[in-house]
Amino acid sequence: MLLETRNLTVSMEGKTILQDISLRFAEGKRTAIIGPNGAGKSTLLRALAALHSDYRGEILLDGENIRRIGRKRLSQRLAVLPQNVQAPPDTTVERLVDYGRFPYRSWFRSSDAKADREAVEWALFVTRLEEFRQRQVLSLSGGERQRAWIAMALAQRPKILLLDEPTTYLDIAHQLEVMQIVRQLYEEYHITVIMVLHDINHALQYADEIAIIKNHGIFGQGPPKEMLTVDTLAAVFGVKADIFINSRGDAILSPISIVK
Amino acid sequence: MSRRETQRRMLLLGAFALLSCAGFVLSIAKGSVEIPLEEIWQALLGAGGGMHEQILMNIRLPRTIVAALVGINLSLSGAILQAIMKNPLADPHIIGISSGAGLAGIFVMLVLPEQGWLITPVAFFGAMAAALCIYILAWKNGIRPIRIILAGVAVSAFLGAGISALMIFYSDRVHSALMWMVGGLSARSWPHAEIIYPYTVAGFLLAVFGARHLNILQLGDEMAKGLGLRVELTRLSMTAVAALLAASAVSVSGLLGFVGLMVPHAARLMMGSDYRFLLPGAALLGMAVVMFSDTFARTAFAPVELPVGIIMAVLGAPFFLFLLRREL
């Protein structure tokens with residue numbers, strides 16, 4: 001399933017947030033959207049998820065304009081995990097994940113109970129939360145909680161998963177856990193992942209494709225090794241960086257100083 | 001959903017239902033004339049006779065029914081508003097129901113005192129007009145809960161000034177208006193029950209149909225949208241349901257406060273936040289609370305009858321402070 005923007009322009013209260021963005025997010029790939037603060041990354045992700053609909057241009061899902069796809073039908077194909085989520089204090093993991101089945105339910109028709117249960121069990125299995133199903137979401141650690149929210153998105157059985165800075169506020173072990181789940185979704189279940197990432201090195205290790213947004217426009221799109229270089233870091237973030245090779249042979253970028 | 005949790009909630013619903021039955025029996029048995037249970041039973045079966053039956057069928061029973069319906073309406077309205085405003089302190093006062101109904105009702109009472117029958121319908125329109133007004137004022141690229149609350153405060157202050165002005169201009173007739181401002185069920189009878197019950201039935205059904213949507217709304221607007229919920233539409237239509245429920249209650253019982261705040265919270269503490277259970281729970285509990293409180297208000301200080309609004313405020317104000325300390 002292919003997600004694509006054509007000449008996407010977003011302005012809010014007279015200010016341009018995104019200008020003329022044309023991007024293709026290929027099927028079965030993990031794309032990381034990176035860029036400086038305020039560049040418009042989150043707005044782009046929100047527009048892709050149809051959370052923000054006040055834009056010019058087009059967003060196409062398999063060639064179909066997402067404005068013309070019904071809200072619930074879209075949520076069956078594309079799941080999003082925004083940054084600001086909340087749940088009532090007594091919500092259990094299982095109930096939260098079950099909310100992911102909402103797009104399959106309607107006022108008139110009760111859903112297919114078997115399909116619901118299978119989707120919930122699968123989501124709990126993938127995020128390794130089976131033991132936690134009766135726990136309250138708020139009683140979990142940050143990493144477990146983030147996995148619970150990802151499980152809810154997975155219960156939607158999406159082809160495309162959109163994540164807005166999924167590792168923010170997590171410690172390094174939990175960050176790794178979340179990124180490994182993302183890898184597994186892609187490798188085993190062939191879910192297309194589009195994520196806004198803060199951490200350049202996560203993008204380098206866990207993405208197949210990088211889209212860099214700068215000054216409300218596209219700076220470039222391409223494979224990580226080409227896009228994430230010392231030169232682009234200087235041009236996009238204004239930092240001078242060194243490259244190291246870690247024990248697994250991965251390149252690691254380490255910012256050294258600010259360049260003017 | 002674990003089976004044990006569901007069982008616990010069903011048991012609680014059963015307990016609330018029993019409590020309501022107890023409140024109902026107590027409310028029709030107690031008063032200036034005590035009526036024994038056998039006579040109540042016979043009268044309800046249509047086999048009674050005499051004075052006691054008259055009191056039961058024309059005074060106690062309709063008043064108790066009105067109390068129950070008012071309790072259901074205000075509790076459901078509060079429960080819905082707490083979900084859509086995502087504010088634990090939201091209740092029907094906030095969306096302007098009370099001030100709108102207050103000004104309209106008091107206008108009739110003071111300016112057209114011989115047209116008493118007008119109070120209920122006019123108060124109803126006042127409530128709906130105020131709610132609509134607040135909604136329009138709060139609208140700016142969609143609805144944000146905080147703007148509704150602030151617009152509600154502003155409109156309420158404005159309408160409150162109107163109420164005060166009316167009461168000063170017509171200070172000789174203020175007594176009946178005061179009783180109404182406090183909220184009471186004195187002399188409520190079958191016509192009032194007939195006004196309110198269609199709204200109770202329709203409101204309850206619409207609220208229960210919307211329960212799953214209210215659950216999703218509690219996950220935050222963005223997540224709710226991402227799950228395919230039409231957030232604005234849900235918020236608008238559920239506000240309308242809450243406004244109808246509360247406006248019909250206010251128009252028969254006056255400005256009865258705290259029920260819509262207290263009952264949904266108490267129900268939530270016991271049953272949790274799943275609206276599929278919370279809404280029926282709040283309805284049953286609200287019914288019981290208002291019937292008990294009204295019985296107490298009628299009998300505790302006999303021969304003086306207190307408006308039930310005073311009892312609710314005495315219970316409700318400390319509860320409000322408790323919530324404030326606990327949640328904010």
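Two residues are in contact when heavy atoms of theirs lie within 4.5 Å. With that in mind, the tour of this predicted model may begin.

**The whole chain**

Select chain A and display it as a cartoon. Nine helices and twelve strands make up its secondary structure. The C-alpha trace spans about 60 × 45 × 30 Å along its principal axes. Chain A has a radius of gyration of 19 Å, which agrees with the value near 18 Å that a compact globule of 260 residues would have.

Next, consider the contacts between residues at least 6 apart in sequence: in chain A, 63% of these join residues at least 24 apart.

**Surface and charges**

Switch to a surface display. The accessible surface of chain A comes to about 11900 Å², and carbon and sulfur atoms account for 50% of that area. Of the 260 residues, 55% count as buried. Colouring by charge brings up 33 positive and 31 negative charges, whose mean positions are 4 Å apart.

**Helix H6**

Return to the cartoon and select residues 172-189 of chain A, which form helix H6. Two neighbouring positions deserve a closer view.

A:Ala173 is found in helix H6. Its relative accessible area is 48%, so A:Ala173 is classed as partly exposed. Draw a distance from its C-alpha atom to that of A:Gly143: the separation is 8.4 Å, although the two residues are 30 apart along the chain.

Now select A:His174, also in helix H6. Is A:His174 buried or exposed? Its relative accessibility is 18%, and A:His174 therefore counts as buried, the cut-off being under 20%. Leaving aside residues up to four places away in sequence, A:His174 touches A:Ser141 and A:Gly143.

**Helix H9**

Move on to residues 230-237 of chain A, helix H9, and show the side chains of A:Thr232, A:Leu233 and A:Val236, which are buried. Because these residues cover an arc of only 100° around the axis, they are on the same side of H9(A). In general, an α-helix has 3.6 residues a turn, so residues three or four places apart point the same way.

What do the buried residues of H9(A) pack against? Add the following elements of chain A to the selection:

- helices H7 (200-206) and H8 (224-227);
- strands S9 (209-214) and S10 (217-222);
- strands S11 (239-245) and S12 (251-258).

The buried residues of H9(A) pack against each of these elements.

End the tour at A:Gly238, just after H9(A), where phi is positive at about 70°.

Methods:
Residues are numbered from 1 along each chain as its sequence is written. Chains are lettered from A and ligands numbered from 1 in the order in which they are written. This is a predicted model: local features need pLDDT of at least 70, side-chain atom pairs count only at pLDDT 80 or more; totals for chains, interfaces and linings use all residues. Side-chain values use heavy atoms; hydrogens and water are left out. Helices (H or I, at least four residues) and strands (E, at least two) are DSSP runs, numbered from the N terminus. Buried means under 20% relative accessible area, exposed over 50%, partly exposed in between (1.4 Å probe, protein chains only). The radius of gyration is taken over C-alpha atoms; the globule rule is 2.2 Å times the number of residues to the power 0.38. Accessible areas come from the Shrake-Rupley method with a 1.4 Å probe; for residues, only the protein chains shown count as cover. Lys and Arg count as positive and Asp and Glu as negative; His and the chain ends are not counted. The place of a charge is taken as NZ of Lys, CZ of Arg, CG of Asp or CD of Glu. The arc is that of the directions from the helix axis to the C-beta atoms.
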